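The following report describes one protein chain, moving from its overall character to its interior and then to single residues. Please read it alongside the sequence and the model.

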Amino acid sequence: MFKKYVHCIIPFLVGITLSVSMGLTIWIGFFLVFIPIGLSVSLGFFISVKFNNPDLGRRICLSIVSIVFLVFLGIMQRENMQIEETVFYFAYFLSTGIFTRVLIHYAIAKVIGPLFYGRGFCGWACYTAALLEWLPIKENNVIPKKLTYIRIPVLIISLLVPFILIQLGYDYYNRHIYSPVNGSFIETHKLDQLIWFLVGYILYYIIGIILAFIFRKKRAFCKIFCPVSLVMKLPTKFSLVKIRPSGNKCIDCGKCNKVCPMDVNVQKYIENGQRVKSTECIFCRNCIHICPVKAIK
């Protein structure tokens, strides 16, 4: 019985490790970031196995993680976790040599992390998907491949906007205004971060919901519009953890392909005895649970 659930504890242990290593050396707040996230993923894994319902476990996990990101980091800490702020702070790093916690978050979730668990962030920790996964849409239509290229100009625009603003003299980090109440200048860059954060995510949610209902697919936003997915593709190609054949013979039922939210041809990989190498895989594990002969693990 224990062996059945042993993998469920791994995300929590990883969360503790990251919290201790970074919380004691960089920022104490990492204890309130990585431990809750690790615990949430472990809880999601447990629910998926216990009730044989990966969607339920993942949706609960996404909901809890989104609270950590949106409430604690976004509203309380005034951190905008979108790619635009990462560009701002990367430019800040190049000019000052200071590697901020915003860059640390991004590196772990979207650059270094995918080398180990691929696009697991998209499947288990994405705050945009946390809303989309609860939409009352039963269909899982395949998105035409030509539409997936829309993500490229979206990524380019996301990278260019902050860069252009910096070139125009917009100081994202050190803006001040005079406060008659305090009789001194006060920083406003935290307000800027909050505005970027709120406007960005409201737009993402609106676009995500519209696309989901138009294409009758919860993850249509991920396939068509999300720029971050492209950032994660390269490290995901070399990820250590991948969906793979179990050794049991595939019976060509096609159920794994039907439930894949990212339109991956899982069956083809399994039939050929290969790991799922597609960089679209978000490690949702739906294919594992739906397979009637347990040919996937």
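The protein carries 33 positive and 13 negative side chains, and the centres of these two sets lie 11 Å apart; in this count Lys and Arg are positive and Asp and Glu negative, with His and the chain ends not counted, and each charge is placed at NZ of Lys, CZ of Arg, CG of Asp or CD of Glu. The model is a predicted one, in which local features need pLDDT of at least 70 and side-chain atom pairs count only at pLDDT 80 or more, while totals for chains, interfaces and linings use all residues. Residues are numbered from 1 along each chain as its sequence is written, and side-chain values use heavy atoms, with hydrogens and water left out.

**Overall form**

The protein has 17 helices and two strands, where helices (H or I, at least four residues) and strands (E, at least two) are DSSP runs numbered from the N terminus. Its radius of gyration, taken over C-alpha atoms, is 20 Å, close to the 19 Å that the globule rule (2.2 Å times the number of residues to the power 0.38) gives for 297 residues, so the protein is as compact as a globular protein of that length. Along its principal axes the C-alpha trace spans about 75 × 45 × 35 Å.

The exposed surface amounts to about 15,000 Å², of which carbon and sulfur atoms supply 71%; accessible areas come from the Shrake-Rupley method with a 1.4 Å probe, and for residues only the protein chains shown count as cover. Of the 297 residues, 49% count as buried, a class that means under 20% relative accessible area, with exposed meaning over 50% and partly exposed lying in between. Among contacts (heavy atoms within 4.5 Å) with a separation of 6 or more, residues 24 or more positions apart account for 72%.

**The interior**

A nonpolar core is here a set of buried Ala, Val, Leu, Ile, Met, Phe, Trp, Tyr and Cys residues joined through side-chain atoms within 4.5 Å. The largest such core has 68 residues, and the members that touch the most others are Phe69, Phe121, Tyr127, Ile243, Val266 and Ile296. A second, separate core consists of six residues, including Phe88, Tyr89, Val102 and Leu103. Beyond its neighbours within four places in sequence, Val266 is in contact with Cys256, Asn257, Val276, Cys287 and Ile296.

**Individual residues**

Exposure and position vary among the residues below, which are discussed further after the table.

| Residue | Relative accessible area | Class |
|---|---|---|
| Lys249 | 70% | exposed |
| Leu94 | 58% | exposed |
| Asp252 | 48% | partly exposed |
| Val111 | 39% | partly exposed |
| Arg285 | 17% | buried |
| Thr100 | 13% | buried |

Lys249 is placed in the loop between helix H14 (228–237) and helix H15 (255–259), and, leaving aside neighbours within four places in sequence, Lys249 is in contact with Val293 and Ala295. Its C-alpha atom is separated by 8.7 Å from that of Ile270, a residue 21 positions away along the chain. Asp252 also lies in the loop between H14 and H15, and Asp252 has a positive phi of about 60° although it is not a glycine.

Arg285 likewise shows a positive phi in a residue other than glycine, with a value near 70°; Arg285 lies in the loop between helix H16 (266–271) and helix H17 (286–290).

Thr100 belongs to the loop between helix H5 (83–96) and helix H6 (101–112), and its contacts outside the neighbours within four places in sequence are with Tyr89 and Tyr92. Leu94 lies in helix H5, and the C-alpha atoms of Leu94 and Ile224, 130 residues apart in sequence, are 31 Å apart in space. Val111, in turn, lies in helix H6. Once neighbours within four places in sequence are set aside, Val111 is in contact with Tyr106 and Pro235, and the C-alpha atoms of Val111 and Thr236 are 8.6 Å apart in space, with their positions 125 residues apart in sequence.

Definitions and conventions. Buried means under 20% relative accessible area, exposed over 50%, partly exposed in between (1.4 Å probe, protein chains only).
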